[in-house]
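Good morning, and thank you for joining. I should like to take you through the main features of one structure, beginning with its sheet and ending with some backbone details.

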Amino acid sequence: MKRLIVTLALALLASPVYADPPPWAHDVKKTVTKDFDFEEVVVEVDGVKAGYRYDHGRRYDLLWERDPKALGLRHRLHAHEVTKVFPAERDPIVAPDALPAVADPLAVADLTPVVIDVNYFYTAQVAAAQGGEANMAAFAALTCELSNQTYANSGLGHITWRCLGPFKAAYADTTNLDDALAWMSAGGGGAADIAAKYVLTGADISHLVINSGGGSCGLGYINSGTGTALSTSDRTCVNSNLSGPHEMGHNMGFHHDPATVGCTTISPTSGVPYCNGSYNYGHSWPIGAPKWRSIMAYPGAGGTRITQISNPNVINNGFPTGIPNERDNARVAVARAPIVSQFRFSPGTFPVPRPPGQTGVLTGRTYVTIALSPDDLATFNGTLVITNYTVAFRRVSDGVVTDTVNCGKPQNGNCTIPLTVPGTVLYTATAAAIGPGGSSAGPPSGPFTKQLVTPAPAAPGKPTVH
Ligand SMILES: [Zn+2]
């Protein structure tokens, strides 16, 4: 509660800039142990741990439990072997606002670091089954760290994921994944909450973990646009079976292994099934004697799923993890990550307007110009980035903001301000951009004086005759 009060105070002082760090972006400590055919990922959030372990084909949930040797007060991370046979995820749904598949990912390769923010939702049933609300932040953080681990292992360390929240969803959670995804989607019972949390955090995608998966591990839209960057997964699969990273991989544009997709034609070059002309499919390997498969490959592809996505340029335990031009999710990731990561802007990464430029007077009003480009990219995949500008006028002598003017979105870049204190007082102006993902203030302009111009008297006309 103390932290909350401090955060609110900061938010008020800096309004409309968001508090830093925002309460929905937890500090995550991560520990990774990786060796031949072994991997352990442990996260710690606010003193609570959660983890995943893969050990020579066996997998374990690392659960935060009371230590029986310490009179039940201390907690420990305890390994539980997962013995269930995971059901497959469901076939992904082609998003109504799906973007066209990237024609040539290599042509637009961009390795600039990007962060994909995920609004992470869970139900009351999930929290109860995981030992209470206190465990949920670590549970959620683990999902994104497993994505991070997967991308790092696959030569894509420049792409990172951050799970925000987590937020408790009012979803009833008694049926199946279809109902959960419908609840999140446009027209669904949770659509308003999904939208509200986007405004709060500026996240790019949303994921909902449920307790009643209805016998499947996950469901999501494929090659999503901003409105369908949604997926859901069963609590027992999201981390243990890497179904969270799998479903968010569909949002990214990845598909399953070719046989699962229905491509059974044998490739003349690789000698295994391929989808003619496609590169964006999951992969299992080694071919012929599979022991491992990527997060996007179905159980039918053989082997145990590990934290890899297909990439023919990455070798895992001596085997290439993809086939050029046939099984290469990494190419899709390189091309799509910059797009997905900009579905919305999170506080702190919201575009900063340039300093207001020229100031002057026009028909008795002082105006200031705001650079609308390149900060105002108008839309990213249909979502307006900047909806409004404000300009604050600060008196240079004492730093007091005397006027804050709502400029709307001036097409010509001019923002007219009221002349409350005309004369020789020096001012600086600072423009702030405001949008669905947050707001940000740019640097101040150079000093200037507001000017009062007496409008020229109207030209004498003929007297009006009534
Ligand atoms: Zn899938």
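In what order do the six strands of the open sheet run? Please bear in mind that what you see is a predicted model. The order is β6-β10-β11-β9-β7-β8, and the pairing is mixed. At the edges stand β6, residues 93-94, and β8, residues 159-168, each of which pairs on one side only.

Let us begin at the β8 edge. Strand β7, residues 114-122, pairs with β8 in the parallel sense, over eight bridges. To locate this pairing on the screen, take Tyr122, whose bridge partner in β8 is Lys168. Strand β8 also holds Pro166, and the peptide bond leading from Gly165 to Pro166 is cis, with omega near -5 degrees. As a general rule, most peptide bonds are trans.

I turn now to the β6 edge. Here β6 and β10 run parallel and are joined by two bridges; Ile93 has Tyr221 of β10 as its bridge partner. Strand β10 also pairs with β11, this time antiparallel, through three bridges. Within that pairing, Gly220 is matched with Ser231 in β11. Is β10 enclosed or open to its surroundings? Five of its five residues are buried, so β10 is largely enclosed by the rest of the structure.

Which helices lie across these strands? One of them is α5, residues 191-201, which lies across β7, β8 and β9 and runs at about 140 degrees to β7. Another is α7, which lies across β7, β9, β10 and β11 and runs at about 20 degrees to β10.

Helix α7 deserves a closer look. It spans residues 243-252, and 10 of its 10 residues are buried, so the helix is largely enclosed by the rest of the structure. Among the buried residues are two histidines, His246 and His250, together with Glu247 and Asn251. Met248 and Met252 are also on the buried list. Directly after the helix comes Gly253, with a positive phi near 125 degrees.

Outside that sheet order, I would point to a hairpin. Strand β21, residues 388-395, and strand β22, residues 401-408, pair in the antiparallel sense over six bridges. Val391 has Val405 of β22 as its bridge partner. Five residues separate the two strands, and in the turn Gly399 has a positive phi of about 75 degrees.

Finally, there are two aspartates to consider. Most residues other than glycine have a negative phi. Asp37, however, has a positive phi of about 60 degrees, and Asp46 has a positive phi of about 50 degrees. Where do they lie? Asp37 is in the loop between β1, residues 29-35, and β2, residues 38-45. Asp46 is in the loop between β2 and β3, the latter being residues 48-55.

How exposed is each of them? Asp37 has 15 other C-beta atoms within 10 Å and is therefore partly exposed. Asp46 has 11 C-beta neighbours inside 10 Å; because the cut-off for an exposed residue is 12 or fewer, Asp46 counts as exposed.

To close, I would ask you to keep two places in view: the enclosed helix α7 lying across the sheet strands, and the cis peptide bond before Pro166 in the edge strand β8. Thank you for your attention.

Terms used
Residues are numbered from 1 along each chain as its sequence is written. This is a predicted model: local features need pLDDT of at least 70, side-chain atom pairs count only at pLDDT 80 or more; totals for chains, interfaces and linings use all residues. A residue is buried if 20 or more other C-beta atoms lie within 10 Å of its own, exposed if 12 or fewer, and partly exposed in between; C-beta atoms are placed from the backbone. Helices (H or I, at least four residues) and strands (E, at least two) are DSSP runs, numbered from the N terminus. Two strands pair if DSSP finds at least two bridges between them. Two residues are in contact if their C-beta atoms, placed from the backbone, lie within 7 Å. Axes are lines fitted to C-alpha atoms, for helices over the stretch in contact, and angles run from 0 to 180 degrees between N-to-C directions.
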